[in-house]
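User: I'd like to go through this model and ask what justifies each label. Can we start once it's on screen?

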Amino acid sequence: MTTNSWTTDRPWRGMMVATALPLREDLSVDHDAYAEHVRWLIDNGCDGIVPNGSLGEYQTLTPQERAQLVRTAVEAAGDGARVMPGVSAYGSAEARRWAEQAAEAGCGSVLLLPPNAYRADERSVRAHYAEVARAGIPVVAYNNPIDTKVDLTPGLLARLHADGAIVAVKEFSGDVRRAYEIAELAPELDLLIGADDVLLELAAAGAVGWVAGYPNAFPATCAELYHAAVAGDLQTALPLYRSLHPLLRWDSKTEFVQSIKLSMDIVGRHGGPARPPRLALLGETEAAVRAATEKAVADGHH
């Protein structure tokens, strides 16, 4: 058993797909379509599912929708340990309640942003993670300083790990140099690839998982790429990475939700609309995503 594989005792490892949210034309959640999508992802080589993340438009969901998506994901995955819901919220008490709901549903772990309604200081960040960790389910930190304005630096991550508050980090800063500092300061903290377009770089630096976006459209090829990358098989990984990179980089752009949904539509999956304030892609942006997706299809990715 390799250390970068999904296991029941480390269920945040492996290729965990941050799932897009299937909406009907009236923007209501299509839970049946979501269940089918979860099953399809796992059948095509994905290790697990991350509902209610940024890609899942969690900020636009009602509490009822958010809770039901977790239950739907657990049932469709066939093993709750394969489900790592996003539990981010403005308040620590609310985030803890979402973590408790995930634990009650049988999930294996949860994904948590730092406080993101303001630029929280270190004391606030550590208190936030400590509060959610009291729910008793493993917590994976999500570092996205671009959007949250709160940076979980390698030193702060090491302190959160020493506090017993986190087991891993989804690293989305884009700074691949941090991987080595995190490993030095907190060698037992699991590093998860947090952005599709730095997959190969972070895999080479020792990442043991990938919280992924583009497997929503190309799960089988992304699984092949991930496993080759973490195994150090550059002969397989590098050509795949180069071929997919024009598409993967959209995961790090402001329009990532609409881009991945558009790609899903193009390959015959149900991407569909996004909830406001996100709007459909137009003009050059839409054309660029379409061209990158069509190129990936022409290159044989699926």
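User: What makes strand β1 count as mostly covered?

Analyst: Keep in mind that this is a predicted model. Strand β1 spans residues 14-18, and five of its five residues are buried. Buried means under 20% relative accessible area, so β1 earns the description "mostly covered".

User: How do you know that β1 pairs with β7?

Analyst: Two strands pair if there are at least two bridges between them. Four bridges join β1 to β7 (residues 209-212), so they count as a pair, and they run parallel. One position to look at is G14, which stands opposite G209 in β7.

User: And what makes β2 a partner of β1?

Analyst: The same test applies: at least two bridges are needed. β1 and β2 (residues 48-50) have three, so they pair, and this pair runs parallel too. Within it, M16 has G48 of β2 as its bridge partner.

User: Which elements make the β-α-β unit, and what is its hand?

Analyst: β1, helix α1 (residues 31-43) and β2 make that unit, and it is right-handed. With the strands pointing away from the viewer, the path from the first strand over the helix to the second runs clockwise, which is why it gets that label.

User: Now the cysteines. Why is C107 in no disulfide?

Analyst: The closest cysteine sulfur to that of C107 is in C46, 17 Å away. The cut-off is within 2.5 Å, so that is too far for a bond. In fact, a search of the whole structure finds zero disulfides. C46 is in none either: its nearest cysteine sulfur, that of C222, is 7.8 Å away.

User: Why is C46 called buried?

Analyst: Its relative accessible area is 3%, and buried means under 20%, so C46 qualifies. C107 comes out at 9%, so it counts as buried as well.

User: How many cavities are there, and what lines the largest cavity?

Analyst: The search finds three of 30 Å³ or more. The largest holds about 50 Å³ of space, and its lining includes N52, G53, Y58 and Y142.

User: What is the make-up of that lining by class?

Analyst: For the largest cavity it is four nonpolar, five polar and no charged residues. Glycine counts as polar here, so G53 and G86 in this lining go in the polar group.

User: What is the volume of the second largest cavity, and which residues line it?

Analyst: The second largest cavity has a volume of about 40 Å³. T19, A20, L21, Y34, P51, N52, G56 and L69 line it. Five of these are nonpolar, three polar and none charged; tyrosine counts as nonpolar, so Y34 belongs with the five.

User: What is the volume of the largest pocket, and which residues are closest to its centre?

Analyst: About 880 Å³ of space lies in the largest pocket. Of the 40 residues lining it, S54, Y58, Q59, D147 and R278 are closest to the centre. α5 (145-148) gives the largest share of that lining, three residues. By class, the lining has 18 nonpolar, 14 polar and eight charged residues.

User: Which helix gives the most to the second largest pocket?

Analyst: That's α11, with four residues. This pocket has about 180 Å³ of space, and its lining splits into six nonpolar, two polar and four charged residues. Asp, Glu, Lys and Arg count as charged, so K261, D265, R278 and E286 are the four.

How values were computed
Residues are numbered from 1 along each chain as its sequence is written. This is a predicted model: local features need pLDDT of at least 70, side-chain atom pairs count only at pLDDT 80 or more; totals for chains, interfaces and linings use all residues. Side-chain values use heavy atoms; hydrogens and water are left out. Buried means under 20% relative accessible area, exposed over 50%, partly exposed in between (1.4 Å probe, protein chains only). Helices (H or I, at least four residues) and strands (E, at least two) are DSSP runs, numbered from the N terminus. On a 1 Å grid over the protein atoms alone, a cavity is a set of points where a 1.4 Å probe fits but cannot get out, and a pocket is an open set with protein on both sides within 12 Å along at least five of seven lines; lining residues have an atom within 4 Å of a point. Grid points are joined across faces, edges and corners, and a volume is the space filled by probe spheres set on the points.
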